[in-house]
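The exercises below are meant to be worked through with the sequence and the structure open beside you. Try each task before you read the solution that follows.

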Amino acid sequence: MTDLADRATFPNGSSASYASYAELHMFSAYSFRRSGSSVEALVARAAEIGLPALALTDYMTLAGVVRFQSTCAQYGLHGIIGAELAVADDPIFGAGAAPAQFVVLAENAAGYARLCQLLTDANLRAPDRPLIPFAALAAAVSAGPDTSSGSPGLIVLTGGADGTLSRLLTARHRQTALTVAQRYRSVFGPDRVFVELQHHCLPDNRLLMQELAGIAEEAGLRCVATNGVRHATRDDYPLYDLLTCVRLGISVDTPHRDRPRNDEAHLKSPQEMTELFAPLPYGPAALAATTEIASRCQVSLLKAVCTAPRVPLPAGETPTSQLRRLCEQGLHQRYANAPAACDAGAPDSPQRRQLAHELDVISQLALEEFFLCVHQIVAAARSMGIRISGRGSAANSLVAYLLGITGVDPIAHHLLFERFLNPDRRGMPDIDLDVQSDRREELIRYVERTYTHDHAAMVANVITYRPRLALRDAAKALGFPLPLVNRLTKHLPHYCDPETLPSTYQIDLMRVVGQYPSELLDAPTRQRCLDRLPLALSLAARLCGLPRHLSLHNGGVILTREPLFTLLPVRLSANGVRALEIDKDDVERLGLIKFDLLGLRTLGAIEETLYLIEETTGARPEIDHLPTKPPDPATMRLIRAGQTLAVFQIESPGQWHLLAQTQPRTFDDLVIQTALFRPGPIQANMVHPYIERRLHHQANQNHQREAVQTPWHGAPDDFWTTHPVLGPILRDSEGILLFQEQILEVAHQFAGLTYAQADGFRRAMSHARSQREMEQMRQQFIRGALARGESQADVERVFGAISHFVGYGFCRSHAAEFARTIYQTAFLKAHYPAHYLAAFLSSQPAGFFPPHVILEEARQLCIPVLGVDINRSEDRFTVERVGTLGRERWAIRIGLRQIAQVGDELARTILWERRNIPEKPESRKSTKKPQDRLFCSLHDLCIRLRPHGLTWSAAESLVLSGACDSLPPRMERRQRLWHLHELWPLIASVSPTPTLAVRRNRKGAKGTKQTLATGDQQEDQQIEQLSLAWEETLPLSQPIESASFPAYPPLPPLTAADKTVLDYQLLGLSARPHPLRAQRRQLRRHGIRAIAELSDIPTGQFTRVAGWVVSAQAPPTAHGMTFLVLEDETGHLPVAVPPRLAAHLHRLLLDLHASPSHTLVVLGRVERIRWYRSLLTARLTVLQL
Amino acid sequence: MTRRYRHPIRVHLKNDQPYRFTWRDTTYRVRAILAVWHLRDRWWSSASLDSSTSHALATAGPAPRQCEQQESDRLYYRLDCSPDLHCEIYHDRASGLWILDRIYD
């Protein structure tokens, strides 16, 4: 052991010549509301005050360590890793006492792995309140030494005020404290445990330290000085105290023992610590121990090289040979129609040339196993019937295409591999996989099973404070009443600049406080809130960006070669998923491999459509092999006609507007359509130039101008399309820089950079850059372009355009993958509209519009809609053949799951009971169709379903929604409801809600055959008994079917309007015609037209339209404009509302929400582009009909 | 037993620490500093807006002004002084005042 008290040396080469000090006990904001400073602020402060080393010891977590070590590396500091552990079952205080706190520092990799394991075990054992048993800590610290370093790897500090020794001494149990210290010595070893001394300038601090030092000496232990840091500077103290109050759920006016009493827990310099400790007899040694411990702790998490998980390979294959073999297979499958590509003896075919190049780069980067791993997951998903699709830059890769990871041919669509991968790339390439949402969990389980829990986990998401949440926490802690806090936070936007938070919103929010109803806020409280509001805003601004808690990433899965517990602790999420404690940025810093398995409901809708088609027609369209050159004419007609409601990505009114102008004809047009309608191009004013050039181009091609009323401002600038180098690169986007791949090509072909340099150039341009870096890049670009003979003016112009491009660049391959899904969904809607819309409705919530809008679209496509029926509906939306012979067509049947109070489980139970089929939905694909056991009456339904969880509210919903209308005997809904009221108490008295055992028994029915038989027999017996019991309660002992009830009172039948209201209340949609249809005559009397009638009105004319508001949006890029979509029985109409009417609209929308029978009436000016109609609002009113 | 006074006093410092002070016309010399501690409280009171401003913005009628206690950031010393006096004094960092807080019997 080296004594470094006088002169400490550290791995980074720094040294200290005075009484050196390293901080070994420090919380960051990753301790979640236990610290007032970020990791970055703490490390920056440490560097500023001259600390050579410091440890991050967050409370029961290592979530910040990767960021910490990375930041330390930037500042040249030695970053030590540790954690403060809450230790339970203390031998002194017992199991019931508050946990004692120890600081544990990792000396080497083995110690770090043990620390991770301790935390993982605690997290998995009690996710809500993880604690570490003392025995487990003792075992980890005293475990055998690491073979490489010869040290067990963990150092224990006895903790600050919450350590056992301090607590005992504060309670004046000196002798017990001595016993404990001796026990620590024997359990951990004298050189592995240090008695921690903290001087926070509190009363009796010195006395306590003196006692601790005395005990340490008697027990043969050494002392170490720490400052138990909670914030970087004194200025951060209010934030720390505030967060402590947030954590404790108290206001700042409430005293609490866990709150800090002063600001002394800030990061102190070696001089400050020397001043505090040097005068004490034990002080110099305690200070010296800090640097000695610091020099012993040598753990580095940051890796330069990424490691992919090990993939099982066939015997005799290496990763390289296996990848090559799979690619060869892929060539034969994907390019069966291109003999040159399949011919191994023709290396000059574009496919083989590209494949050889990609395999070479993959080999250089040793990424073979990475690709094999992704391939394995994708192949497994497909074999399980789960729809999956790669997205993002991976679609630039031919290898990814050949392995089936992506579905767009990169050769045919001129995608650039270097955007995805090049030899200079650092870190793992990014592959995102879209998975059908409803089966994503299955795939995650598969990955966990295949790679085991030791190597697979999900990524966490660090939730940081944003303005609303920050103001909420700050205001609550400052004692604002909760209803007022709610009102204040609603006045803040979700995203705003924290710096300007106080200055921008203070006056508005003060007005909110001032106008808060006096009956809800007494005068003194109002005054206090007004006084404290500026402080709340300023604290909220400072809170923004600090980590608040961890959540689960929405799709990131990590696969590791080494066991996970050697890397980081694992946590259990609320839904039982294992997740690492770090976010995706830290994953990259650690050199780990991550996939995003992102749930996409549209893929579920596609898969369900295919299932419905196969089920009803016996054929299954080859949706993954649709022709793109040329594309399907019906599909493209549908897109050009703007009938894109429920089509992926192009169903919004903004897209309708764009489609009317761009009129896509090819698949590549769809790729551009996807990339063009983004905030970037819209903000950069790129959309109109593109449209103008495209129309000009089309007009020249067709020798005639199309009758489109788009602004035209003379001849377009043809520099970009006629330049010999830029022209071919930008031709398909009409001379507009739209894709990131185009930047690479420009940098490569125009400025002579290699593709690897060009990608570095693109990345640098896309991130925050300093002026100096920009100038360096500019010089490099200009030098290269001038050397290739370009003129200075042209070079400057191109560089300027690229600089501007940074805000709106989109990856072409990503757009291509989206375009593929657009094309597929449009194809299904064009050819199988009923099937597709039924599947899309089952996949809700998905897309832009609510379900009733989709159903209205079905009606407008002349697809009959059938109501929900207890004996005919499935749990989801289905299709049925209706109509007379020769005039048959497909209709959509509403599913049982749609009924309020019924839900998924009861809907499946109804099916199970009706058909006696297994309960799980995936089992429905079984080919053998069992005999249906239809419900024959309401009491039959109640008797059979009551034991399986039919509640009163669900039964009432079934009756009111019309699901029971077809049950014999025929009767009006009101009468049936009366019947139910009479029936229910009798059934309820004999049919208890199923016990857990019954449910388990039923769920276990799909186990062994014997279990199934036993379960069924038991249930049959139970139902029989219940039926008998029910019959006995009747006045006459007669069979249930012939039981006579008292005559019903004369109840008036429900009107059609009543039934429609019930439909919307209980189903959220209706099989009946649109309610405005019945009111059309009345609307005409008010001079209000139907939406379909707008096709006869010329542009610029004012007209009045009424409808339901089915969508309202105020995008930040629209400069205060609000965009509505109105719906009536004839169609949908986009409506633009100017900013001056925004407040009025807001009030009207609140009225409409409160009274659904009200309809919005818009007086506005008609705008037309081909089939597209919209209104620019001049006046808004609400009409009550 | 102690008795609280909270009287302002004038303190002479040596090496940034109390050396002697005068209270009730008697000068006391510090024999020993027995303890030092630091308390910071009510930090949320110092940033409060002036009541006239906030009232102007409030439209819910006049409200009685309830004064919040001011922020305190105090460095306490427990001293053994000559002539015989065992006391606690503190330095209020916000106001710069020295206060004789309490005297031990």
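**Exercise 1: A bridge and its sheet**

In strand β19 of chain A, A:Arg889 is the bridge partner of A:Val882. The model is a predicted one, and the tasks below should be read with that in mind.

Task: Describe how β18(A) is joined to β19(A), and find which strands of the sheet stand at its edges.

Solution. Begin with the pair of strands: β18(A) and β19 (residues 889-893) of chain A run antiparallel and are joined by 5 bridges. Next, place this pair in its sheet, which is open, has mixed pairing and consists of 3 strands in the order β17-β19-β18 of chain A. Finally, look at the ends of that order: β17 (865-866) and β18 (878-882) of chain A each have a single partner strand, so one side of each is left without a neighbour in the sheet.

**Exercise 2: Checking a helix**

Task: Work out whether the span of helix α10 of chain A agrees or disagrees with the expected one, and then decide whether the helix is enclosed or open.

Solution. Helix α10 covers residues 283-296 of chain A, which is 14 residues. The expected span is 1.5 Å times one less than the number of residues, and for this helix that comes to 20 Å. The end C-alpha atoms are 20 Å apart, which agrees with the expectation.

For the second part, a residue counts as buried when its relative accessible area is under 20%. Of the 14 residues of α10(A), 12 are buried, so the helix is largely enclosed by the rest of the structure. Among these buried residues are A:Gly283, A:Leu287, A:Thr290, A:Glu292 and A:Arg296.

**Exercise 3: Two rings**

Task: Classify the pair formed by the rings of A:Phe667 and A:Tyr823, and say which parts of chain A the pair ties together.

Solution. A pair of aromatic rings is described by the distance of the centres and the angle of the planes. The structure holds 29 aromatic pairs over all chains. In the pair of A:Phe667 and A:Tyr823, the ring centres are 6.0 Å apart and the planes stand at 75 degrees, so the pair is edge-to-face, given that angles over 60 degrees fall in that class. Then locate the partners: A:Phe667 lies in helix α26 (residues 667-676) and A:Tyr823 in helix α35 (residues 812-831), both of chain A, so the pair ties together parts that are 156 residues apart in sequence. As a last step, consider the accessibility of each residue: A:Phe667 has 5% relative accessibility and counts as buried, and A:Tyr823, at 3%, counts as buried too.

Elsewhere, ring pairs link A:Phe370, A:Phe371, A:Phe417, A:Phe420 and A:Phe595 into a cluster. Arginines also meet rings, for A:Arg230 lies over the face of A:Phe27 at 3.8 Å from the ring centre, while A:Arg334 lies over the face of A:Tyr401 at 4.1 Å from the ring centre.

**Exercise 4: Describing the chains**

Task: Set out the secondary structure and the share of buried residues for chain A and for chain B.

Solution. Take chain A to start with: its secondary structure comes to 47 helices and 24 strands, and 56% of its 1185 residues are buried. Turning to chain B, its secondary structure comes to 2 helices and 6 strands, which follow one another along the sequence in the pattern β-β-β-α-α-β-β-β. In chain B, buried residues make up 39% of the 105 residues.

Notes. Residues are numbered from 1 along each chain as its sequence is written. Chains are lettered from A and ligands numbered from 1 in the order in which they are written. This is a predicted model: local features need pLDDT of at least 70, side-chain atom pairs count only at pLDDT 80 or more; totals for chains, interfaces and linings use all residues. Side-chain values use heavy atoms; hydrogens and water are left out. Rings of Phe, Tyr and Trp (its six-membered ring) pair if their centres lie within 6.5 Å; planes under 30 degrees apart count as stacked, over 60 as edge-to-face and the rest as tilted. Helices (H or I, at least four residues) and strands (E, at least two) are DSSP runs, numbered from the N terminus. Buried means under 20% relative accessible area, exposed over 50%, partly exposed in between (1.4 Å probe, protein chains only). A charge sits over a ring if NZ of Lys or CZ of Arg is within 6 Å of the ring centre and within 35 degrees of the ring normal. Two strands pair if DSSP finds at least two bridges between them.
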